[in-house]
Amino acid sequence: MALTFETYTEIPESLRPLLVDIWTDATNAGGAIGFVAPVEREVVDAKAFRAFAVGKDLMLVGFADGRPAAFLVIVDHQFPLMNHARLLKTVVVDPKHQGRGYGAELLRAAERVARTLDGVEMLHLTCRGGLGLEHFYSKCGYTEVGRIPRMLRVAADDYRDEIHMALSL
């Protein structure tokens, strides 16, 4: 089943707890989305979307059977030298729906949305090394453009690269 997509310039209060649940479940299923498993819902909820700039950023949500199944945030840098680019953050697919192509579908939807934004020519994102995520993003058309070794510390003795990827529109 294909997803249907909605964009939001602010996060509806009715939708926020559902997105936090998906974010928590995805992290605890091994997802690299800003936290390290195991993580409690309250921890995710306390930090979720706190940098979301209402009226500037866009929340893109993919729905399956009327319920959120995947989401990401399209961030406006709010910096004149970067008006032509948007950052994709918090790219999440509900673990119940993984393996169905929803991640690629979500990224294609983000491309479509970005193409409607005045002057936007590029999307970029970062991902955690050591999990092969860069291979998934490469298959979706993104190119690795940089890497910061050991930028992310997921445990006292476990450092990961932060990988920077970009897509020209």
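## Exercises on a sheet, its helices and its charged pairs

M82 is partly exposed, with a relative accessible area of 33%. Here, buried means under 20% relative accessible area, exposed means over 50%, and partly exposed lies in between (1.4 Å probe, protein chains only). The model is predicted: local features need pLDDT of at least 70, side-chain atom pairs count only at pLDDT 80 or more, and totals for chains, interfaces and linings use all residues. Residues are numbered from 1 along each chain as its sequence is written, and side-chain values use heavy atoms, with hydrogens and water left out.

**Exercise 1. Place M82 in the structure and find the surface patch that includes it.**

Step 1. Start with the chain path: M82 sits in the loop between β3 and β4. Strands (E, at least two residues) and helices (H or I, at least four) are DSSP runs, numbered from the N terminus.

Step 2. Now look at the surface. M82 joins F79 and L81 in a nonpolar patch, and together they have about 310 Å² of accessible area. Such a patch takes residues with over 30% relative accessible area and no salt bridge; nonpolar side chains (Val, Leu, Ile, Met, Phe, Trp, Tyr) are joined within 5 Å, like charges within 9 Å. The areas come from the Shrake-Rupley method with a 1.4 Å probe, and for residues only the protein chains shown count as cover.

**Exercise 2. Work out the strand order of the sheet and say which strands stand at its edges.**

Step 1. Seven strands make an open sheet with mixed pairing, in the order β1-β2-β3-β4-β5-β7-β6. Two strands pair if DSSP finds at least two bridges between them.

Step 2. The edges belong to β1 (4–8) and β6 (143–155); each has a single partner strand, so one side of each lacks a neighbour in the sheet.

Step 3. Neighbouring strands are turned by 25° against each other on average, direction ignored. Axes are lines fitted to C-alpha atoms, for helices over the stretch in contact, and angles run from 0 to 180 degrees between N-to-C directions.

Step 4. Check individual pairs. β1 and β2 run antiparallel and are joined by five bridges, with G62 in β2 as the partner of F5. β2 and β3 are also antiparallel, over seven bridges, and F63 has P68 in β3 as its bridge partner. By contrast, β4 (residues 85–93) and β5 (residues 122–128) pair in the parallel sense over three bridges; here A85 has M122 as its partner in β5.

Step 5. Finish with the turn: β2 and β3 form a hairpin with two residues between them, and D65 in that turn has a positive phi of about 55°.

**Exercise 3. Describe the surroundings of β2 and of T90, and place the helices on the sheet.**

Step 1. Seven of the seven residues of β2 are buried, so this strand is largely enclosed by the rest of the structure. L58, L60, G62 and A64 point one way, while M59, V61 and F63 point the other way.

Step 2. Helix α1 (residues 16–28) lies across β2 (58–64), β3 (67–76) and β4, and runs at about 95° to β3. Helix α3 (residues 102–115) packs on the sheet too, touching β1, β2, β3, β4, β5 and β7 (158–168), with its direction at about 40° to that of β3.

Step 3. T90 belongs to strand β4 and is buried at 18% relative accessible area. Leaving aside neighbours within four places in sequence, T90 is in contact (heavy atoms within 4.5 Å) with W23, I33, F71, L72 and V73.

**Exercise 4. Trace the salt bridges of D45 and the network to which D45 belongs.**

Step 1. Side chains of opposite charge can pair when their charged atoms come close. The criterion is a side-chain nitrogen of Lys or Arg within 4 Å of a carboxyl oxygen of Asp or Glu. A search of the whole structure finds ten salt bridges.

Step 2. D45 meets R16 at 2.4 Å, N to O. D45 lies in helix α2 (residues 41–47) and R16 in helix α1, so this pair ties together parts that are 29 residues apart in sequence.

Step 3. D45 also meets R41, at 3.9 Å, N to O. R41 and D45 are four residues apart in helix α2, separated by about one helical turn.

Step 4. Put it together: R16, D21, R41 and D45 are linked in a network of salt bridges.
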